[in-house]
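Q: Please take a close look at one part of this model, the helix packing and the pocket beside it. Go through the details step by step.

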Amino acid sequence: MAITTADAEPLPDTNGNTTAPGLVPGEASMWFFILGDLLIFGVYFVCYMVYRGEHAGLFLQSQRHLDQGIGMSNTVVLLTSSLFVALGTEAARAGKAARATRLVGIAFACGAVFPILKLVEWLPKLGAGITPGENLFFMFYYLMTGLHLVHVLLGLVILGFVLRSLRSASTPNMKFIETGGIYWHMVDLLWLLLFALFYLIR
Amino acid sequence: MSESILAANPATREGRPWYRNRKLDQYICFWSVPFFYNLFGLVFVPLSWMMPPRSPTSDIADVIAFMQSPNLLIACTILTLAIGLSAVGNACYMVQMRRMSVSPVFLFAFMAGAIVGAVVGALFPMFCFGLGAFRSGYDPEILQMMYDFGYLSFIGSLGCFVLNWGMLGLAILLDKNNILPKWLGYYVIWQLMTEFFVATVWIAHDGPFAWDGLLAFWFNMVIYVPWQIIVYVCIFRAIRNQPENELRNARFKPGATYA
């Protein structure tokens with residue numbers, strides 16, 4: 001998909017003026033995906049809260065098994081990564097391709113820490129026998145953080161294509177860079193909600 | 001572009017009876033789909049009450065009554081006969097995928113995914129559900145096993161369709177011929193997200209993640225049904241807009257001889 005956005009619709013590469021007034025940044029069809037994705041996650045969040053209300057004791061007790069430290073580290077890693085993507089997009093708009101490449105590279109590196117932290121979090125739990133079948137809370141937990149992890153991995157692939165586009169093209173394809181950035185911010189936003197719902201609400 | 005070609009050749013649209021339409025093959029495949037889904041709906045719901053799915057925690061007496069119902073055997077027979085129509089319906093996708101500027105791997109993987117999905121998601125459950133009425137002397141435990149097997153393969157098999165639809169979605173997004181709209185590619189990938197959640201039916205016996213649960217079944221249906229209709233509308237438009245000079249149907253050549 002990343003290749004398509006870069007190659008299928010070669011847009012006039014202007015330095016910073018691709019976002020005409022009244023238009024959304026990035027590719028319009030990607031917004032369709034993002035709003036839909038938020039809708040799906042939104043329904044799952046609402047269901048989670050409803051079932052949490054019904055089984056308050058079970059959810060509270062299960063939540064104690066979650067490590068807030070790792071959850072917080074994941075949040076910091078993703079927020080930092082998002083910041084660098086935003087800075088990288090600004091740099092690309094200003095026509096500073098080398099600087100943009102460096103910034104998006106840092107964002108990629110921060111993002112790549114996330115799956116490693118997830119493994120550090122999951123493996124001891126699974127080893128101790130806390131699996132999705134444990135109870136309703138852990139089913140929600142593994143499923144939703146797992147689906148989010150899939151989004152992170154896809155986001156890393158997209159960031160990889162953004163980096164490639166920044167390094168190879170003489171003038172950056174702003175539409176594509178913005179599209180990748182928007183997707184990455186969505187991944188970040190979803191994690192913030194997941195972090196609040198699973199780790200913080202007590 | 002296709003519109004201009006059609007406009008330049010008025011004979012391609014008009015002045016020719018419908019049965020001599022050069023896209024008749026594709027239209028037959030296309031119209032087999034509503035027939036197929038309506039038949040499925042009638043057989044699944046009012047004939048056999050196989051759907052909406054019964055609970056995994058149903059009482060054993062209810063399971064036996066359901067499994068031994070003659071209507072269920074009739075339903076299984078009809079569905080087993082009609083499942084071939086899914087191949088005809090899937091041909092619509094494949095003809096259009098073939099026009100896309102992507103590797104043929106997408107087409108073949110789509111085809112294989114559709115075949116596996118039909119076998120596991122449709123034929124396996126039919127064989128399981130049909131057995132109870134076929135011979136009345138089966139042990140209740142065996143019927144219970146067949147009930148679990150039937151529903152797990154019916155609903156738990158959506159993973160096969162993840163591959164199938166994933167190939168279609170990626171092909172649409174990578175295609176440079178714009179056979180199908182790009183937003184549809186994102187819509188396909190988006191819909192796939194809900195199908196991942198069906199994996200939970202292998203673990204949960206009750207609650208939202210069981211095979212009759214709110215998230216594993218009902219929410220997926222709410223997302224899936226409008227999505228499937230929209231995909232078929234887009235396929236119809238792609239068939240309609242396909243220029244006749246892009247059709248691959250072999251033409252009759254007068255005087256052709258054996259090689």
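A: What follows starts with one chain, turns to a helix and its pocket, and ends with helix pairs elsewhere.

The model is predicted. Chain B holds 10 helices and 0 strands. Read along the sequence, its pattern is α-α-α-α-α-α-α-α-α-α. The C-alpha trace of chain B spans about 65 × 40 × 35 Å along its principal axes.

Take α2(B) and its partner α4(B), which covers residues 70-82 of chain B. Their axes lie 10 Å apart, and the packing angle is about 165°. Angles over 145 degrees count as roughly antiparallel. The two helices, α2(B) and α4(B), are therefore roughly antiparallel to each other. In passing α4(B), α2(B) makes a left-handed crossing.

Now the residues. On the α2(B) side, the contact uses Phe36(B), Leu39(B), Phe40(B), Val43(B), Phe44(B) and Leu47(B). They meet Asn71(B), Ile74(B), Ala75(B), Ile78(B), Leu79(B) and Ala82(B) of α4(B). By class, the residues of this contact divide into 11 nonpolar, 1 polar and no charged.

α2(B) also takes part in the largest pocket, supplying at least two residues of its lining. The volume of this pocket is about 1,300 Å³. Its lining has 45 residues. Closest to the pocket centre are Tyr37(B), Phe40(B), Phe44(B), Tyr224(B) and Gln228(B). Two of these names recur: Phe40(B) and Phe44(B) are among the α2(B) residues that meet α4(B), and both are also listed among the residues closest to the pocket centre.

Which other helices build the lining? In chain B, α5 (84-98), α6 (104-134), α7 (140-156), α8 (158-174), α9 (182-196) and α10 (214-241) each supply at least two residues, as does α2 (24-47). By class, the lining has 31 nonpolar, 13 polar and 1 charged residues.

Next, the loop between α2 and α3 (60-67) of chain B. Pro52(B) lies in this loop. The peptide bond from Met51(B) to Pro52(B) is cis, and its omega is near -5°. Trp49(B) is placed in the loop between α2 and α3 of chain B as well. Phi of Trp49(B) is near 55°, a positive value in a residue other than glycine.

For comparison, turn to chain A. Its α2(A), residues 28-54, packs with α7(A), residues 174-200, at an angle of about 5° and with axes 11 Å apart. That makes α2(A) roughly parallel to α7(A). From α2(A), the contact residues are Met30(A), Trp31(A), Phe33(A), Ile34(A), Asp37(A), Leu38(A), Phe41(A), Phe45(A), Tyr48(A) and Met49(A). Those of α7(A) include Thr179(A), Ile182(A), Tyr183(A), Met186(A) and Leu189(A). The contact of α2(A) with α7(A) has 18 nonpolar, 1 polar and 1 charged residues.

Another pair in chain A is α5(A), residues 97-127, with α6(A), residues 136-168. The angle there is about 155°, and the axes are 10 Å apart. That makes α5(A) roughly antiparallel to α6(A). The crossing of α5(A) and α6(A) is left-handed. Residues of this contact divide into 21 nonpolar, 7 polar and 4 charged.

Back to the starting helix. α2(B) packs against α4(B) at about 165°, and it supplies at least two residues to the lining of the largest pocket.

Note on methods:
Residues numbered from 1 in each chain as written. Chains lettered and ligands numbered in written order. Predicted model: local features only at pLDDT ≥ 70, side-chain atom pairs only at ≥ 80, totals over all residues. Heavy atoms only, no water. 1 Å grid on protein atoms, 1.4 Å probe; cavity = no way out; pocket = protein on both sides within 12 Å on 5 of 7 lines; lining within 4 Å. Points joined across faces, edges and corners; volume = space filled by probe spheres on them. Helix = DSSP H or I, 4+ residues; strand = E, 2+ residues; numbered from the N terminus. Nonpolar A, V, L, I, M, F, W, Y, C, P; charged D, E, K, R; others polar. Axes fitted to C-alpha atoms, helices over the stretch in contact; angles between N-to-C directions. Parallel < 35°, antiparallel > 145°, perpendicular 65-115°, else oblique. Left-handed = near helix turned anticlockwise from the far one by under 90°. Contact = heavy atoms within 4.5 Å.
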